[in-house]
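Please go through this structure with me and say what each term rests on.

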Amino acid sequence: MLDRALTRDDWGYPVSLRGAEGSRSEVPLRTDELDAADDAVALCPVLALRRVAV
């Protein structure tokens, strides 16, 4: 089973699976997760997500 960083909630919006609930920001991503992260950013209805390079 893969340790995925992102999934969708009941309404189809992307949410983080990593970090403590209520403080799931700045989620580190593996290279193989970057495309999914870009999709999540594009799907966020309130522009609350962004992907930054470290």
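Helices (H or I, at least four residues) and strands (E, at least two) are DSSP runs, numbered from the N terminus. This is a predicted model, in which local features need pLDDT of at least 70 and side-chain atom pairs count only at pLDDT 80 or more, while totals for chains, interfaces and linings use all residues. Residues are numbered from 1 along each chain as its sequence is written, and side-chain values use heavy atoms, with hydrogens and water left out.

Q: What makes up the protein chain, in helices and strands?
A: The protein chain has 1 helix and 2 strands. Their order from the N terminus is β-β-α.

Q: Why is the second largest pocket called a pocket and not a cavity?
A: On a 1 Å grid over the protein atoms alone, a cavity is a set of points where a 1.4 Å probe fits but cannot get out, whereas a pocket is an open set with protein on both sides within 12 Å along at least five of seven lines, so the name marks an open set. The second largest pocket has a volume of about 230 Å³, a volume being the space filled by probe spheres set on the points, which are joined across faces, edges and corners.

Q: What makes a residue part of the lining?
A: Lining residues have an atom within 4 Å of a point. The second largest pocket has 14 of them, and Arg-4, Leu-6, Thr-7, Glu-33 and Ala-36 are the closest to its centre.

Q: Which element gives the most to this lining of the second largest pocket?
A: α1 does, with 4 residues.
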